[in-house]
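Biologist: Please take a close look at a single part of this model, the open sheet and the helices that pack on it, and describe how they are put together.

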Amino acid sequence: MMSHDYDLFVIGAGSGGVRAARIAAQHGARVAIAEEYRIGGTCVIRGCVPKKLMVYASRFADEFADAAGFGWTVGETRFDWATLIANKDREIARLEGIYRSNLAKAGVVILESRAVVAGPHAVELVATGERITAGTILVATGGRAEVDERLPGVEHVVTSNEMFHLEHQPRRLVVAGGGYIAVEFASLMAGLGTETTLVYRGEEILRGFDREVRRHVHAELERRGVRIVCGDIFSRIEKTADGLDVTLRSGGRLVADTVMMAIGRRPNTAGLGLEAAGVALDAKGAVVVDAQSRSSVPSIYAVGDVTDRFNLTPVAIREGHAFADTVFGGRPVTVDHQLVPTAVFTTPEVGTVGLTEDAVIETGRAYDVYRATFRPMRATLSGREERMLMKLLVDGETDRVLGCHIVGPDAGEMVQLIGIALKMGATKADFDATMAVHPTAAEELVTMRVPSERHPARIPAAGG
C-alpha cells in the first residue's frame, strides 16, 4: 500500500473543513489542514457570527424607543461604531482561538498557507512550495463574494468582507442585491442610523423565499426606513467631492459614502488546481459531488459552499462530519438536504422551513394555507406598528405540514424547533393537539384552526 504524508489533507479551515478534520483525527486518521487567512472561515470570521453581533447592536435603538411605553425614562443615547467593531473583533479572535485549540487537541496539523491540488493524492503549499501527499484530499474552501467586474467604477465598491472592518460608519449606504446578505446588511445598518438604500434587479427581494414572506419583509423594512428599489441595477459608480455617485440603469441617481455589492457568492475554486487534477466543476465553478461528497476523482472530496448544494454553515458542518464518519469512521452517513430550517436576521427576522407556496403549487397537490398576521404583544404598549406573519402550508390530503414561514421577533429561534416537527412528519392535527404556551407569539402556530385558503389539486400543464 502506498505511503502518504497524511491520511487526510483538508484545504480550507472553515466550518465544514474544521469539523471534518477534527472528527477524522478522532477516528485515528493523520490529518493536516491548510488555511490561507484565518481559522474559522467565512461564518466565524466575516459572516454569520460578526453579522449577528452587529444585528444585536442595531436593535438597541428599538429597545430604547420602546421603553417609554412601559414606564421607563431613557436618557440620551449615542452609538459608537469604533466600540462595536473593536468588541466584535475581540470576540472573533476569541472564537478563532477556540477553533484552533480544538484542532490541536484532536491532533490536527495546522498549516498557515494557501494550498492547491497538485494531483489525486498531492497538494502544494503556495507559501513554501512544499509538496505534500495524502490518501484523501478534502476541498472545503467555501465561497467568495461576487462582484460585477464589468461595472464602471467597480473599484469603489466593498463586499460583506470589508463591511465588517470599515474604519468609520457610513452616513449613507447603497447596497446592491436582494438575498440574505444584502437585506441583512441593509436592515442592520439602517438600525444603526445609516441612511440606507437597497437596489435589487428582481421584482421582489429574497428570491426563493415564500411570496408572502418577501412582501412582508419588504414592507417592514421600508417602514423602518430602508429605501428599496426593485427592478434596477447599477450602471456606473463615480467618486465625487460629495462621495460616491451611483447611476442606475433606469436613470436614477444615488449618492453614498459606501457602496456595498452583495449580488451573490461563487464557489471558491479558482486557482485551486482542481480541473488539472481531473475534478469536475459545474458552470458556476462548484465541485460536482455525489451523495457522499466524493468528486469525480475518487480520492478527492468536497463539502460546504464550494459544492453549491445548500449554502448554510450548519449544512457544511453536517457534511464535514458525515464525510469523516463515512471515510474514516467506518460508518457511512448520507446528509439529508431536505427540510433545512433557515433564518434571515433582518429586523423583523425571518424563520422558514419546508416548501414555499410556489413550490407547493408546482407539485399540483391540494393544499391548505393557515395564516396569521398580528401586532406582537410588546408593540401594543410601545406603540410600534410592526406586524408579525405566521404561515403554515398543509397537504390537503395527508394533512402533513409542508412548510412553515415566520416573520417577526425570534423567528429564527422558533423555526429551529418547528424544523424538528416537520422532519418527523408532523401533521396539522399534531400541531392542533399541542397545547399553546400563553401569552407568546409562537402559540399562533398551534391555534390556527380554520384554513385561510383551500386550494384543490391541480393537474400540471402538459410538459410542466
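Modeller: In this predicted model, helix α7, formed by residues 211-223, lies across four strands, namely β18 (350-354), β19, β20 (388-395) and β21 (401-407), and runs at about 175° to β20. Helix α11, which covers residues 411-423, also packs on the sheet, where it touches β17, β18, β20 and β21, and its direction makes about 10° with that of β18.

The sheet that these helices contact is open and has 6 strands, arranged in the order β17-β18-β21-β20-β19-β22 with antiparallel pairing. Its edges are formed by β17 (342-344) and β22 (453-455), each of which has a single partner strand, so one side of each is left without a neighbour in the sheet. Between neighbouring strands of this sheet the turn is 15° on average, with direction ignored.

At the β22 edge, the partner is β19, which spans residues 367-374, and the two strands run antiparallel and are joined by 3 bridges. Within this pairing, Asp368 stands opposite Arg454 in β22.

Apart from the sheet, one annotated position deserves mention: the unreviewed UniProt entry lists Lys52 under "binding site", and in the model this residue lies in helix α3, which comprises residues 48-67. Lys52 has a relative accessible area of 18%, and because buried means under 20%, Lys52 counts as buried.

Definitions and conventions: Residues are numbered from 1 along each chain as its sequence is written. This is a predicted model: local features need pLDDT of at least 70, side-chain atom pairs count only at pLDDT 80 or more; totals for chains, interfaces and linings use all residues. Side-chain values use heavy atoms; hydrogens and water are left out. Two strands pair if DSSP finds at least two bridges between them. Axes are lines fitted to C-alpha atoms, for helices over the stretch in contact, and angles run from 0 to 180 degrees between N-to-C directions. Contact means heavy atoms within 4.5 Å. UniProt positions are given in the numbering used here, feature names are shortened, and annotations may be inferred rather than shown by experiment. Buried means under 20% relative accessible area, exposed over 50%, partly exposed in between (1.4 Å probe, protein chains only).
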